[in-house]
Amino acid sequence: MEPGGAGPLPGNNKARGGAAPPAKGRDLGRPPRKDSEGYSESPDLEFEYADTDKWAAELSAPCRLVEVFLCALPAELYSYTEGPEFLLNRKCFEEDFRIHMRDKKWTELDRNQHRTHAMRLLDGLEVTAREKRLRVARAILYVAQGTFGECGSEAEVQAWMRYNIFLLLEVGTFNALVELLNMEIDNSAACSSAVRKPAISLADSTDLRVLLNIMYLIVETVRQEAEGDKPEWKSMRQTFRAELGAPLYNNEPFSVMLFGMVTKFCSGHAPHFPMKKVLLLLWKTVLCTLGGFEELQSMKAEKRELLGLPPLPEDSIKVIRNMRAASPPASASDLIEQQQKRGRREHKALIKQDNLDAFNERDPYKADDSREEEEENDDDNSLEGETFPLERDEVMPPPTQHPPSDRITCPKGLPWAPKVREKDIEMFLESSRSKFIGYTLGSDTNTVVGLPRPIHESIRTLKLIALLKILLAAAPTSKAKTDSINILADVLPEEMPTTVLQSMKLGVDVNRHKEIIAKAISAVLLLLLKHFKLNHIYQFEYMAQHLVFANCIPLILKFFNQNIMSYITAKNSISVLDYPYCVVHELPELTAESLEAGDNNQFCWRNLFSCINLLRILNKLTKWKHSRTMMLVVFKSAPILKRALKVKQAMMQLYVLKLLKVQTKYLGRQWRKSNMKTMSAIYQKVRHRLNDDWAYGNDLDARPWDFQAEECALRASIERFNSRRYDRAHSNPDFLPVDNCLQSVLGQRVDLPEDFQVNYDLWLEREVFSRPISWEELLQ
């Protein structure tokens with residue numbers, strides 16, 4: 001039976017249900033090839049950046065081979081240590097279900113029967129006995145997991161999940177769960193017990209984990225739209241989003257409650273909190289209430305139109321999707337092979353002088369000494385073997401393929417429309433006025449009298465912190481310290497492994513756990529920064545400055561100071577243990593070889609997603625902030641960032657190049673000379689700003705004299721903003737909002753002085769009757 005008439009089940013049930021997990025360790029990518037210079041060229045990473053991975057992927061489905069190859073991520077909500085709890089949830093549900101429904105199955109009931117039983121389960125959450133309440137919560141979790149015991153395929157499980165979750169939302173399950181969660185947060189006995197324990201395990205967070213699992217499934221499922229959704233489901237989605245962002249939970253939005261859990265965990269008062277699940281739920285709550293990247297773009301366009309600003313020239317994410325990644329560096333064997341070929345070529349006949357002169361005429365910037373170019377290539381090892389459009393066949397095609405007339409062609413347009421700031425226009429005009437007419441006009445950007453016509457044309461052309469603590473603990477490069485927080489409380493079992501296989505499985509689970517935490521934190525920080533910037537710039541600057549003062553910049557650089565290719569291609573997943581595969585199919589026997597092989601994905605989606613998010617955060621923190629850009633230089637970020645260019649993914653490379661661009665003026669001439677290919681990549685891939693002297697270091701703002709004053713001035717502006725907007729106790733009357741309503745102003749009682757009352761008639765005669773008033777003009 002279909003779930004409550006919710007429409008046909010997605011996918012081919014027979015194919016999906018009968019499919020075995022794919023062979024481990026297979027390379028499904030294209031074989032590496034070599035370019036014209038002998039460099040190995042790996043395929044581009046087929047990664048599509050979005051708010052999240054596919055709905056089924058983040059909840060569950062591992063890779064399957066059906067009619068087409070479908071790749072999805074492991075069940076990130078559940079750790080592999082939680083595996084035995086799936087059957088425990090089913091047992092709790094079926095024991096209660098048999099009492100009321102006897103021999104019937106959930107999938108055989110109609111909607112009214114489903115609703116009646118869901119209400120009965122909801123009533124069970126109000127019992128005072130903790131054990132009984134936990135069993136009811138597990139039964140509800142089983143319903144939210146799709147009543148998998150009655151399903152024959154993964155697709156059927158996912159369809160019943162969606163139907164059941166909307167049913168649970170309809171009967172008011174989420175609000176009941178919020179009350180229980182709030183009660184567990186304030187459970188001082190559990191917190192005191194956890195603090196005194198020398199080692200915390202999965203058992204210490206059982207109640208919280210069950211509640212958070214249900215709530216995550218509800219938020220993530222309701223948030224996502226699907227083609228087969230009923231009209232009432234769409235209405236429920238809108239209502240749920242509004243309630244989730246409203247101050248209905250202790251007079252605060254739900255996300256504030258989750259942030260409170262993060263703060264309490266990091267302070268050491270609640271070390272048993274399952275932080276991975278808290279962070280995942282927080283991320284999805286922010287996505288559901290505020291919106292993702294597409295919603296941000298729409299809101300930005302609406303605000304620009306409302307303020308009379310020109311429309312955005314492009315959508316950055318859409319532009320990046322069409323960009324081609326640069327080639328990764330060559331391997332050692334390729335370099336040796338190339339040197340051997342170069343040596344053989346040197347012993348060949350000399351090139352005729354006229355041909356050499358013709359080549360140098362065609363490329364006037366060609367170095368005279370070829371050894372200088374070789375040294376330059378060796379220094380610029382992060383983009384070794386890279387071919388850019390200016391060096392590719394589109395610009396200078398070989399004569400055997402095209403007629404000679406096609407040699408003189410224009411390169412393709414750069415991907416970005418140039419931008420300019422008002423400050424840049426002011427500086428340009430001031431320098432032009434000083435040069436041509438000998439005077440300045442301050443901040444005037446309109447007067448162009450006396451300036452030459454080319455100058456006129458040029459002007460028209462110009463026209464939060466606890467999370468970081470958790471991220472540090474989750475970073476692959478971080479080492480265990482006595483004062484660091486324990487983020488593994490919701491993944492470590494009560495009994496530690498005794499065999500090699502169990503140890504390997506736990507090791508995979510721990511690494512995967514850290515990766516998921518890094519993914520959630522990076523996504524939350526980026527979303528908040530973008531939404532704050534759209535709402536009010538000082539809200540953005542307030543959060544950004546707190547992140548900077550909490551050492552967010554060196555933390556992100558520490559994250560990238562590792563073998564980034566190994567991190568992105570890490571295979572910390574066991575596909576046969578992923579939900580819902582593990583509850584629908586008979587599990588094969590795990591071996592050490594299968595655990596070592598991992599999955600067969602070309603890369604790990606969550607790790608690449610985390611890296612891009614962290615790079616975007618770093619860009620937002622340092623953009624137009626010269627003091628913070630100097631932090632990049634002081635912490636020697638250039639070699640760290642250049643190593644990240646080995647990842648052949650256009651979006652990640654773009655944000656690395658942006659970070660390199662802002663600091664080139666501080667790195668010196670020798671660095672620029674030794675890294676010309678990096679400079680070329682910056683020129684080709686990063687947006688240009690008119691009057692931007694990034695490559696030469698002549699910008700006045702690059703002078704290192706008052707960087708501390710810059711941050712102090714910004715902080716003073718932020719404090720004034722916060723005092724004016726939020727400090728109601730000491731509000732300045734000059735900054736109070738003005739009442740512009742005529743009826744409201746005239747309706748106010750005004751105490752007039754006694755002198756005025758005595759001479760009221762005289763005032764009327766002088767100020768009213770004797771003054772001619774043009775009422776028609778006034779009304780207009």
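How many of the 16 residues of H12 are buried? The count is 14, so to speak of H12 as mostly covered is fair. Keep in mind that this is a predicted model. Below is a quick tour of H12, then H10, and then two helix pairs that share H21.

**Helix H12**
- H12 has the length you'd want: its 16 residues should span 22 Å at 1.5 Å a residue, and the end C-alpha atoms are indeed 22 Å apart.
- Right after H12 comes Gly-291, with a positive phi near 110°.
- H12 (275-290) is also one of the helices that the buried residues of H10 pack against.

**Helix H10**
- H10 covers residues 231-245, which makes 15 residues.
- From first C-alpha to last, H10 reaches 22 Å, close to the 21 Å expected at 1.5 Å a residue.
- Its buried residues are Trp-233, Met-236, Arg-237, Phe-240 and Leu-244.
- Look down the axis of H10 and those buried residues fall within an arc of 110°, so they line one face of the helix.
- Pro-231 and Ala-242 are exposed, and they sit on the face of H10 turned away from the buried side.
- Besides H12, the buried residues of H10 pack against helix H6 (154-170), helix H7 (173-185), helix H9 (206-223) and helix H11 (254-266).

**H21 with H27**
- Helix H21 (residues 500-535) and helix H27 (residues 605-622) have axes that come within 8 Å and cross at roughly 35°.
- The crossing of H21 past H27 is left-handed.
- On the H21 side, the residues in contact include Arg-512, Glu-515, Ile-516, Lys-519, Leu-525, Leu-526 and Leu-529.
- On the H27 side, they include Trp-605, Arg-606, Phe-609, Asn-613, Leu-614, Ile-617 and Lys-620.
- Sorted by class, this contact has 10 nonpolar, four polar and seven charged residues.

**H20 with H21**
- Helix H20 (residues 466-474) packs with H21 at an angle of about 150°, and the axes are 9 Å apart.
- This one is a left-handed crossing too, with H20 passing H21.
- H20 brings Leu-467, Leu-468, Ile-470, Leu-471, Ala-473 and Ala-474 to the contact.
- H21 answers with Lys-514, Ile-517, Ala-518, Ile-521, Val-524 and Leu-525.
- By class, the contact of H20 with H21 has 11 nonpolar residues, no polar ones and one charged.

Key
Residues are numbered from 1 along each chain as its sequence is written. This is a predicted model: local features need pLDDT of at least 70, side-chain atom pairs count only at pLDDT 80 or more; totals for chains, interfaces and linings use all residues. Side-chain values use heavy atoms; hydrogens and water are left out. Helices (H or I, at least four residues) and strands (E, at least two) are DSSP runs, numbered from the N terminus. The expected span of a helix is 1.5 Å times one less than its number of residues. Buried means under 20% relative accessible area, exposed over 50%, partly exposed in between (1.4 Å probe, protein chains only). The arc is that of the directions from the helix axis to the C-beta atoms. Contact means heavy atoms within 4.5 Å. Axes are lines fitted to C-alpha atoms, for helices over the stretch in contact, and angles run from 0 to 180 degrees between N-to-C directions. A crossing is left-handed if the near helix is turned anticlockwise from the far one by less than a right angle, and right-handed if clockwise. Ala, Val, Leu, Ile, Met, Phe, Trp, Tyr, Cys and Pro count as nonpolar, Asp, Glu, Lys and Arg as charged, and the others, Gly among them, as polar.
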